[in-house]
Amino acid sequence: VRRILLIGVGAGDPDHLTLQAARAMNAFDVLFAVTKDEATDELVAFRRELVQRHRSVGAPRTVELADPPRPWRDAPDYPAAVEAWRTARLARWEQAIRDHLGDGECGAFLVWGDPSLYESTLTIVAQIALRGELAVEYDVIPGISSVHALTARHRIPLNRVGRAVQITPARLLAGGMPDGVDDVVVMLDAQQTFASIPADGIDIYWGAYLGTPDELLLSGPLAEMAVEIARVRSEARDRKGWIFDTYLLRRTG
Ligand SMILES: C[S@@+](CC[C@H](N)C(=O)[O-])C[C@H]1O[C@@H](n2cnc3c(N)ncnc32)[C@H](O)[C@@H]1O
């Protein structure tokens, strides 16, 4: 049996690595490093540093997994495009595990934030195990997500007493705050969606590059802050070439 560890590494602050994750840095033979678009260099370097800092048993073998291109920004059929991309990814990863991980060995993926949140790594590894072409077992080590990095830095609770919270990709927020929910966490926003929804009665708690030296935090009534956040956001994105931001929209009153 080949073993795979999915290790949540936090969303940018190296001190957010849990003790369990730090210990796991010594537990694998092969590191599978997924490389994608703009942010890759910095995010790959971050993971490499974590391994160096916490591993005492010698460097692992590293296998780079170049991601297939992501066509869906222009795809007419979004779910079909995502599905095709995931299938291509699955085939590549399965082949890499077959080729580079021996029977009885352990491989690891260092997953940004927490492996359960807007991350296809876990789904793909689970599918590889389920298909049964390779005998694979896997375990998940939780990580501090960008959602919890955001609420900690703004020093706010995620939920209000006894109330629900919704976590959503920005794509589903285009029509404004969903009915019946007062607290919405928005992720994966390529369009600064917060600036184009009805703003009355909503506070925003915004964070970019959370946990890193580039961290940006802004908060206040959305009607007053939207333009300023959009300006800061686009300046930062131009400067760095990429941006990761997450925000909580909270109905007031
Ligand atoms: C593919 S998802 C991965 C989320 C990750 N699994 C987690 O637990 O945070 C990427 C999105 O997470 C959010 N994100 C990740 N890291 C972040 C950071 N350091 N600061 C702000 N947002 C971040 C952004 O909304 C980004 O678009």
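# Rings, charges and a ligand

Colleague: What makes you say that the charged end of K240 sits over a ring, and which ring is it?

Modeller: This is a predicted model, and in it the charged end of K240 lies 5.3 Å from the centre of the ring of Y209. The distance cut-off for a charge over a ring is within 6 Å of the ring centre, so K240 meets it. R55 is placed over the ring of F28 in this way, with its charged end 4.9 Å from the ring centre. That value also falls within 6 Å, so the distance condition holds there too.

Colleague: How many aromatic pairs are found in the whole structure?

Modeller: The search gives seven aromatic pairs. One of them joins F194 and Y247, whose ring centres are 5.3 Å apart with 85 degrees between the planes.

Colleague: Why is the pair of F194 and Y247 called edge-to-face?

Modeller: Two rings pair when their centres lie within 6.5 Å, and planes over 60 degrees apart count as edge-to-face. With 5.3 Å and 85 degrees, F194 and Y247 pass on both counts, so the name fits.

Colleague: What makes this a link between distant parts of the chain?

Modeller: F194 is in the loop between β7 (183-187) and β8 (202-208), while Y247 belongs to strand β10 (residues 245-251), and the two are 53 residues apart. F194 has 1% relative accessibility and Y247 has 0%. Buried means under 20%, so both residues earn the word.

Colleague: How do you know which kind of pair the rings of Y209 and W242 form?

Modeller: Their centres are 5.4 Å apart and their planes stand at 85 degrees, so this pair is edge-to-face. Y209 is in the loop between β8 and β9 (216-221), and W242 is in the loop between α6 (222-240) and β10, so the pair ties together parts 33 residues apart in sequence. Y209 and W242 are both buried. They also belong to a cluster linked by ring pairs, together with F46, W112 and F244.

Colleague: Which residues are closest to the ligand, and how many surround it?

Modeller: There are 17 residues around the ligand, and A11, D114, S146, D245 and T246 are the closest. By kind, the shell has nine nonpolar, five polar and three charged residues.

Colleague: What makes the approach of S146 to the ligand a polar contact?

Modeller: A polar side-chain atom of S146 is 2.6 Å from an oxygen atom of the ligand. A polar contact needs a pair of N or O atoms within 3.5 Å, so S146 qualifies. T246 brings a side-chain N or O atom to 2.7 Å from a ligand nitrogen, and Y209 has a backbone N or O atom 3.4 Å from a ligand nitrogen. Taken alone, the ligand exposes 560 Å², and the protein buries 92% of that.

Colleague: What is notable about the phi of L188 and of Q192?

Modeller: Most residues other than glycine have a negative phi. L188 has a positive phi of about 55 degrees, and Q192 has one of about 40 degrees, although neither is a glycine. L188 is in the loop between β7 and β8, and Q192 is in that loop as well.

Colleague: Why is L188 called exposed, but Q192 partly exposed?

Modeller: Exposed means over 50%, and L188 has 57% relative accessibility, so the label follows. Q192 has 23%, which is between the 20% and 50% limits, so it counts as partly exposed.

Terms used:
Residues numbered from 1 in each chain as written. Predicted model: local features only at pLDDT ≥ 70, side-chain atom pairs only at ≥ 80, totals over all residues. Heavy atoms only, no water. Near = heavy atom within 4 Å. Polar contact = N/O pair within 3.5 Å; in protein donor to acceptor, adjacent residues only side chain to side chain. Areas by Shrake-Rupley, 256 points an atom, 1.4 Å probe, with all protein chains shown as cover. Nonpolar A, V, L, I, M, F, W, Y, C, P; charged D, E, K, R; others polar. Phe/Tyr/Trp six-rings, centres within 6.5 Å; stacked < 30°, edge-to-face > 60°. Helix = DSSP H or I, 4+ residues; strand = E, 2+ residues; numbered from the N terminus. Buried < 20%, exposed > 50% of the residue type's maximum accessible area, 1.4 Å probe, protein only. Lys NZ or Arg CZ within 6 Å of the ring centre and 35° of its normal.
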